[in-house]
Amino acid sequence: MQSQDLISRGYRLYTQAADSLKSPFLLAIRLYWGWQLMQSGWGKLHNIAGVSEFFTSLGLPAPHFTATAISYLELFGGALLTLGLGSRIIGFVLSVNMMMAYITADRPALMSVLSDPGKFYNADPFTFLMASLLVLIFGAGFFSLDNLIRVNTSAHKRPVSQRASVKTAAA
């Protein structure tokens with residue numbers, strides 16, 4: 001029985017240590033891929049004619065409007081992702097955007113997800129999709145504006161008597 005307790009305690013410590021890496025990992029994902037999305041959006045905005053032409057070749061409706069909208073989504077969505085602000089909402093919107101990129105521009109890669117996975121994960125939308133899904137599913141983590149807002153909002157929801165005792169204890 002003692003060895004079972006030791007194994008249980010060891011596993012619990014292991015999972016706590018692994019859990020402590022969640023927020024730094026999400027921060028790294030958000031900073032790197034948010035920055036990459038911002039650069040992608042900025043690049044598209046500065047070549048809007050070329051992007052519009054590409055969207056026309058894909059048969060997308062209102063290609064100039066769509067190109068402009070996608071460019072701004074990537075620019076500002078990347079900024080929001082980087083800051084960790086509105087993370088789950090922007091994670092959802094960016095995930096849908098990347099799925100649409102697969103459907104419209106990388107359909108062969110999407111259709112080969114099971115038969116040739118390398119083709120799927122080497123396609124341009126893959127890493128942006130994965131980063132967006134990670135933030136959508138797990139949130140922004142501790143190091144984010146979302147968390148700062150949540151902490152400040154929950155502090156204001158406490159009764160006045162509890163807020164006073166927390167301030168007194170902190171002083």
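**Note on an all-helical predicted model**

1. Fold composition. Read from the N terminus, the elements of the protein chain follow the order α-α-α-α-α-α-α-α-α-α. This corresponds to ten helices and zero strands. The coordinates are those of a predicted model, and the remarks below should be read accordingly.

2. Overall dimensions. The radius of gyration of the protein chain is 22 Å, whereas a compact globule of 171 residues would have a value near 16 Å. Along the principal axes, the C-alpha atoms occupy a box of roughly 65 × 50 × 20 Å.

3. Burial and surface. Of the 171 residues in the protein chain, 29% are buried. The accessible surface of the chain amounts to about 11100 Å², and carbon and sulfur atoms contribute 69% of that area.

4. Contact range. Among contacts in the protein chain with a separation of 6 or more, 66% join residues that are 24 or more positions apart. A contrasting case for sequence and space is the pair Met130 and Val151: these residues are 21 apart in sequence, yet their C-alpha atoms are 27 Å apart. Met130 belongs to helix α8. With a relative accessible area of 31%, Met130 is partly exposed, since the buried class requires a value under 20%.

5. The salt bridge. The structure contains one salt bridge. Its partners are the side chains of Glu74 and Lys44, with an N to O distance of 2.9 Å. Glu74 is located in helix α4 (residues 63–83) and Lys44 in helix α2 (residues 22–45), so the pair ties together parts that are 30 residues apart in sequence. Glu74 has a relative accessibility of 5% and therefore counts as buried, the limit for that class being under 20%.

6. Aromatic pairs: the count and helix α1. The model holds nine aromatic pairs. One of them is formed by Tyr11 and Tyr14, a tilted pair with a centre-to-centre distance of 6.3 Å and an angle of 40° between the planes. Both tyrosines lie in helix α1 (residues 2–19), where Tyr11 and Tyr14 are three residues apart, or about one turn of the helix. Tyr11 and Tyr14 are both exposed.

7. Aromatic pairs: helix α4. The ring centres of Tyr72 and Phe76 are 5.9 Å apart and the planes are at 10°, so this pair is stacked; the stacked class covers planes under 30 degrees apart. Tyr72 and Phe76 both lie in helix α4, four residues apart, about one turn of the helix. Tyr72 is partly exposed at 41% relative accessibility, and Phe76 is likewise partly exposed at 49%. Helix α4 also contains Glu74 of the salt bridge, and that residue is buried at 5%.

8. Aromatic cluster. Tyr102, Phe120, Tyr121 and Phe126 together form one aromatic cluster.

9. Nonpolar surface patch. A nonpolar patch on the surface is made up of Ile89, Phe92, Val93, Val96 and Met100, with about 460 Å² of accessible area together. Within this patch, Val93 is placed in helix α5 (residues 87–105). Val93 has a relative accessibility of 33% and thus counts as partly exposed; a residue enters a patch if its relative accessible area is over 30%.

10. A buried loop residue. Is Ser144 buried or exposed? With a relative accessible area of 9%, Ser144 is buried. This serine lies in the loop between α8 (125–138) and α9 (145–157). When residues up to four places away in sequence are not counted, Ser144 touches Arg30, Leu83 and Gly84.

11. A backbone point for inspection. Which residue has a positive phi although it is not a glycine? Ala62 does, with a phi of about 45°. Ala62 is located in the loop between α3 (48–57) and α4. At 44% relative accessibility, Ala62 counts as partly exposed, because that class lies between the buried limit of 20% and the exposed limit of 50%.

Key:
Residues are numbered from 1 along each chain as its sequence is written. This is a predicted model: local features need pLDDT of at least 70, side-chain atom pairs count only at pLDDT 80 or more; totals for chains, interfaces and linings use all residues. Side-chain values use heavy atoms; hydrogens and water are left out. A salt bridge is a side-chain nitrogen of Lys or Arg within 4 Å of a carboxyl oxygen of Asp or Glu. Helices (H or I, at least four residues) and strands (E, at least two) are DSSP runs, numbered from the N terminus. Buried means under 20% relative accessible area, exposed over 50%, partly exposed in between (1.4 Å probe, protein chains only). Patches are made of residues with over 30% relative accessible area and no salt bridge: like charges are joined within 9 Å, nonpolar side chains (Val, Leu, Ile, Met, Phe, Trp, Tyr) within 5 Å. Accessible areas come from the Shrake-Rupley method with a 1.4 Å probe; for residues, only the protein chains shown count as cover. Contact means heavy atoms within 4.5 Å. The radius of gyration is taken over C-alpha atoms; the globule rule is 2.2 Å times the number of residues to the power 0.38. Rings of Phe, Tyr and Trp (its six-membered ring) pair if their centres lie within 6.5 Å; planes under 30 degrees apart count as stacked, over 60 as edge-to-face and the rest as tilted.
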